[in-house]
Amino acid sequence: MAKKDKKGGSGSRLKKKAVAQQLVDLFNEFPEKEYDVKDLFAHFKASNHPAKMIVMDALNDLVLDDYVTSDGQGHYRNAVRSNVMEGTFVRKRNGRNSFVPDDGGKSILVCERNSLHALDGDRVRVTMLARRAGHTREAEVTEILERANDTFVGQLQVERGYGFLVTESRSLANDIFIPKDKLNGGQNGDKAVVKIIEWPSDSKSPIGKVVDILGKQGENNAEMHAILAQYGLPYTYPEKVEKAAEKLSADITPEEIARREDFREVTTFTIDPHDAKDFDDALSIRQLQKGLWEVGVHIADVSHYVKEGDIIDKEAVKRATSVYLVDRTIPMLPERLCNFICSLRPDEEKLAYSTIFHINDKGEIKDWHLAHTVIKSNRRFTYEEVQTILERNGVASEADLNLPGEHPEPLPAGAEPEGEYAAELIQLDKFAKILRAKRFKNGSIGFDRSEVRFEVDEKGHPISTYVKVAKDANKLVEEFMLLANRSVAQMIAVVPRGRKPKVFVYRIHDVPDPEKMEKLSGFVARFGYKIRTEGTKTEVSKSLNRLLSDIKGKKEEEVVEMVALRAMMKARYSTHNIGHYGLMFDYYTHFTSPIRRYPDTMVHRLLTRYAEGGRSVSQTKYEDLCEHASNMEQLAATAERASIKYKQVEFMADRIGQEFDGTVSGVTEFGLYVEITENSCEGMVPLRLLLDDYYEFDERNFCLVGRRYRKRYSLGDKVRIRVERANLERRQLDFALVGDEGGDIKPEKAAKSGGAPVPPPEAKKAKGGKKNYAKKNKRPRAGRAKRAAK
């Protein structure tokens, strides 16, 4: 007879198998209920440590087998709420597809034979299959509710009576078959867009038709259009929308001017990139009296010309944003509107929606108001021109003030500023620096990431690179745009107590993910830095700012900034205001770029409606528009990165075999990402090219560690690479390490050594010592190592 537990419990008699079965029965009986681990201990009368460990072991096994889900905080519930669920299908080339439930639960395996030929991103309905002991939970697609995308981009391979689309898509295991009558004139080697029209149940390959020929593989236009088509973004403008824009009159009537505040005689100018054509914001400045200035932030009045629901507006809603690739802009609005009628071009009378601020010499906002205006820009400046004027007149760069070295000499007292509108620019720069300092004092986070850009020839081929860095001229414009955006959001959101704010479009940014902040804290500790992960929002943000300040000019600056950015949430649009964490603003919106962002046009219309006494709009309708705009913004950003990556690969393809210095910018289980110091192009050193050892991925510390020689590659390490391959179709660069990448022992010597790995220090204490460790981790024979090295 078994002895009773000393504490009176029966936990010592628990058997893991029996506990697991009882847990399954319990969760199946109450599938909607969530159990606390303490409740489960009580259920099994597990009152001592061994009994509790048996229950925990059984729970962990059920979690691993997908019977049960855990939130990591000691709460457990049935992994599947129902046998029939709806959600999103995720297709994989290897046939191990998955289903992601709408409720955000854990993804479930869907084998190819049970996929109903659903495509990646489709909304589907699935039925859970009967669970087999020891096997992963599986589901079967029973209905495709909504297609996400049925068009693919690739290269045509045309035979005599048919063709195939060869695509790099990771979601299609087989090429798309195209019958002869569906080729639409496509020829072998063409880059094409193909729509899947059928996928017979007994066929491995879907059947498609060519909907557009983009050009020959490798041609610049074809490749840029292919990137846009890949992400479902438009690369042409509908002719009927263009015609509607051509009918719009650019004339401004005297009656319209009479309804607006007139700023045509006030000094006004635009400041934009050198290649910009759509000028959607301008600044005006004049002194009202000693110690008091009027600064106007004037924004193109797009909503005056584009009426809600018209043909131009519908196309703008669909696009939601302009897309900026390396060598071109795909505008949200027709060219006649964005580059001519609405653009605040110099020496032309233009309609604007403006925020007018009264600011004293201390940079304090004494008063402001919102108004429809008419303006006339005196000058179009580029950022470079403004920066030159500021530096010529002794205005030190904000970044330079904290660094050693020579700074511009301040302008002597009483001296006239040198340059066109220099006095106005210097005054605006002074205000911008005060606003910026106050913003950072309140906890705004200062990420100043540089961006790689390309100079291209007339054929679009990259001939040189440069790094875009934000200087004082950029920050001058940025601060006044932030001020305008914040002011109009606050005007709508802040209402007397007892009243509800009207529906509005906000730009929101949530607090960082706590788990990612903990990882960031652990990572920066390797470099000797500390960061707060708990406390108020302001305390955490100020701690992050101190970190970003401390790393300035250090070798780890780029890497720490990159990891810190990954810890941040993505900003988005919503009618539900939660504030903007990155800027540390309680209220923020996008008001200043209606030519290139649809949410700004929405904001303009709402401001006008409410100023005229209109009622609040439908929150559901505007929340849907916000979600669509956020999604399109992410797609546009992804396409922009893809175009930059393509040009990086194209640029480096002319430099195969050359060596460069670089920095490890990313570490994955597949290898190392390295950014070249000279031109900021990034490529990968695949694990297969690290021949001197077996490398293991340490995710927590962002590094690869050699099992044999303990060689370590970490984020921020300086390395020298050789360009090995440039694959334009996949937009991939392969590098190989050169120099001392093998540590003290080179690959040839490693091959001669017979392949037994050098045990790490912990192996000495392990059972069996070095001998057992070497046997367990036996390496390939020398012959295989030599062949791999070749």
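In the predicted model, helices H1 and H3 lie oblique to each other, since their packing angle of about 60 degrees falls outside the ranges counted as roughly parallel, antiparallel or perpendicular. Helix H1 spans residues 16-29 and helix H3 spans residues 49-64, and their axes are 9 Å apart. The crossing of the two helices is right-handed. On the H1 side, the contact is formed by Lys 16, Val 19, Ala 20, Leu 23, Val 24 and Phe 27. These residues meet Ile 54, Val 55, Asp 57, Ala 58, Leu 59, Asp 61 and Leu 62 of H3. Classified by residue type, the contact of H1 with H3 comprises 10 nonpolar and 3 charged residues, with no polar residues.

Helix H12 consists of 22 residues, numbered 472-493. The distance from its first C-alpha to its last is 31 Å, close to the 32 Å expected at 1.5 Å a residue. Of the 22 residues of H12, 18 are buried, and the helix is therefore largely enclosed by the rest of the structure.

A further buried position is found in strand S11, which covers residues 176-179 and includes Ile 176. The relative accessibility of Ile 176 is 0%, so this residue counts as buried, the cut-off being under 20%. Not counting residues up to four places away in sequence, Ile 176 touches Phe 152, Gly 163, Phe 164, Leu 165, Val 194, Ile 196, Pro 206, Ile 207 and Gly 208. Ile 176 and Lys 209 are separated by 33 residues in sequence, while their C-alpha atoms are 9.0 Å apart in space.

Notes. Residues are numbered from 1 along each chain as its sequence is written. This is a predicted model: local features need pLDDT of at least 70, side-chain atom pairs count only at pLDDT 80 or more; totals for chains, interfaces and linings use all residues. Side-chain values use heavy atoms; hydrogens and water are left out. Axes are lines fitted to C-alpha atoms, for helices over the stretch in contact, and angles run from 0 to 180 degrees between N-to-C directions. Helices (H or I, at least four residues) and strands (E, at least two) are DSSP runs, numbered from the N terminus. Angles under 35 degrees count as roughly parallel, over 145 as roughly antiparallel, 65 to 115 as roughly perpendicular and the rest as oblique. A crossing is left-handed if the near helix is turned anticlockwise from the far one by less than a right angle, and right-handed if clockwise. Contact means heavy atoms within 4.5 Å. Ala, Val, Leu, Ile, Met, Phe, Trp, Tyr, Cys and Pro count as nonpolar, Asp, Glu, Lys and Arg as charged, and the others, Gly among them, as polar. The expected span of a helix is 1.5 Å times one less than its number of residues. Buried means under 20% relative accessible area, exposed over 50%, partly exposed in between (1.4 Å probe, protein chains only).
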